[in-house]
Amino acid sequence: MNIDGMPTRTVRAHPAQNCIDIIDQTRLPHALHWVRVATLEEAAYAIRTMQVRGAPLIGATAAYGLAIALEFEATDARLDEALACLGETRPTAVNLHWALARMAQVLRPLPPSERFAAAWREAEAIAEEDVAQNAAIGRHGLALWKDLIVADGQTLNVMTHCNAGWLATVDWGTALSPIYAAHDAGVPIHVWVSETRPRNQGLLTAWELEQHGVPHTLIADNAAGLLMRQGKVDAVIVGADRIAANGDVANKVGTYLKALACADNGIPFYVAAPRSTLDFACPDGADIPIEERDGDEFRLVHGLDQHAQPGALRQLPAGMDVANPAFDVTPGWLVKAIITERGVCPASRDGLLALYPEEAHG
Ligand code: MRU
């Protein structure tokens with residue numbers, strides 16, 4: 001993905017200095033600010049406060065955070081402490097738990113003296129795989145777009161929710177990867193970007209599409225149904241934080257409403273996600289933990305003041321009772337197909353197992 005015309009990843013790893021640099025996404029789209037993460041606590045803070053966010057990037061950051069934590073002590077006790085600290089940061093995105101479990105599986109059998117170097121190697125491998133898998137999702141998704149293009153030169157109008165793009169991964173994104181692939185291949189494509197209240201991750205999507213030169217229009221979440229009804233949407237594509245074994249999809253709150261509106265309007269609703277988002281141990285969507293976030297995300301609105309300084313405006317009184325569930329679950333029957341690095345499948349147990357037959361034993 002290009003930033004200012006330069007191919008850029010969202011994480012810069014510095015193994016020799018035992019640290020990484022991340023983009024502080026809480027400051028976007030107003031400022032592109034890189035932050036150094038050099039301790040376990042800083043890694044956990046970055047994930048919890050959503051300086052980094054998006055399921056695959058959370059997983060990769062946690063893996064690096066674990067490696068960083070083992071520099072001076074890599075005993076079982078330190079490993080357990082670091083796994084617990086990072087594992088508590090966010091509950092819904094299974095990529096976090098997948099990455100930590102993978103790191104633990106590699107590190108536990110090793111003597112402590114070998115764990116630090118091995119942790120860095122494994123964290124780098126997780127990041128590299130994320131890039132390769134998202135690029136593959138782009139290729140498979142592009143094949144789907146080609147089926148949807150009815151006339152030469154006609155613009156494909158795709159809607160997305162939240163940010164499942166470059167910023168949510170190490171590179172390319174999941175839902176946005178087929179969009180970048182289409183754009184880079186010369187397919188005329190335009191993206192309807194849903195604002196995604198209350199944290200407005202749609203602004204991140206608009207920012208990165210702008211950086212890469214993809215035509216797009218930001219909309220209030222509530223405008224999505226009207227645009228679909230008016231025939232202005234050819235497809236909807238979103239990412240996922242966890243896909244249960246039966247094909248139910250947890251993603252940013254509001255995703256379910258878009259899937260419902262798609263069903264009423266005969267619009268295909270796609271979900272793009274890598275293997276690290278699939279939870280074969282979770283039988284269906286009802287078992288997925290839904291993160292409840294601080295009500296102040298709802299009560300306060302963040303932006304720039306009239307002097308272009310970052311600030312917060314209170315839109316609700318401090319004591320106002322609010323509910324702030326961060327995710328919802330879309331049943332698999334509303335999903336036209338899931339796009340993974342291995343290809344495209346129905347959102348069902350059989351569909352997922354056809355792509356991942358090695359999981360059939362469970
Ligand atoms: O709360 P967030 O911003 O981390 O939620 C992100 C999403 O819901 C994304 O759609 C999902 O993680 C997929 S990212 C490729």
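Q: What makes the pairing of R53 with the ligand a polar contact?
A: In this predicted model, an N or O atom in the side chain of R53 is 2.5 Å from an oxygen atom of the ligand. A polar contact is a pair of N or O atoms within 3.5 Å, so this pair counts as one.

Q: Which parts of A55 and Q201 approach the ligand, backbone or side chain?
A: For A55 it is a backbone N or O atom, 2.9 Å from a ligand oxygen atom. For Q201 it is an N or O atom of the side chain, also 2.9 Å from an oxygen atom of the ligand. The ligand alone exposes 410 Å² (Shrake-Rupley method, 1.4 Å probe), and the protein buries 100% of that area.

Q: What is the space taken by the ligand called?
A: That space is the largest cavity. A cavity is a set of points on a 1 Å grid, over the protein atoms alone, where a 1.4 Å probe fits but cannot get out. A molecule sits in one if more than half of its atoms lie within 2 Å of its grid points.

Q: What makes up the shell around the ligand, by class?
A: The shell has 8 nonpolar, 6 polar and 4 charged residues. In total 18 residues surround the ligand (a heavy atom within 4 Å), and R53, R90, D241, N251 and K252 are the closest. Helix 2 (55-69) and strand 11 (249-252) each give the shell at least two residues.

Q: How do you know where the ligand lies relative to domain 1 and domain 2?
A: Domain 1 (2-129) and domain 2 (138-359) both supply shell residues, so the ligand lies between them.

Q: What makes the bonds before P29 and P198 and the phi of W172 worth listing?
A: Most peptide bonds are trans, and most residues other than glycine have a negative phi. The bond joining L28 and P29 is cis, with omega about 0°; the one from R197 to P198 is cis with omega near 5°. W172 is not a glycine, yet its phi is positive, about 75°. W172 lies in the loop between strand 6 (156-161) and helix 6 (177-184).

Q: How are residues numbered, and which atoms and pLDDT values count?
A: Numbering starts from 1 along each chain as its sequence is written, and side-chain values use heavy atoms, leaving out hydrogens and water. Local features need pLDDT of at least 70 and side-chain atom pairs 80 or more, while totals for chains, interfaces and linings use all residues.

Notes: A polar contact is a pair of N or O atoms within 3.5 Å; within protein, one must be able to donate a hydrogen and the other to accept it, and residues adjacent in sequence count only if both atoms are side-chain atoms. On a 1 Å grid over the protein atoms alone, a cavity is a set of points where a 1.4 Å probe fits but cannot get out, and a pocket is an open set with protein on both sides within 12 Å along at least five of seven lines; lining residues have an atom within 4 Å of a point. Helices (H or I, at least four residues) and strands (E, at least two) are DSSP runs, numbered from the N terminus. Ala, Val, Leu, Ile, Met, Phe, Trp, Tyr, Cys and Pro count as nonpolar, Asp, Glu, Lys and Arg as charged, and the others, Gly among them, as polar. Domain bounds come from an automatic or database domain assignment.
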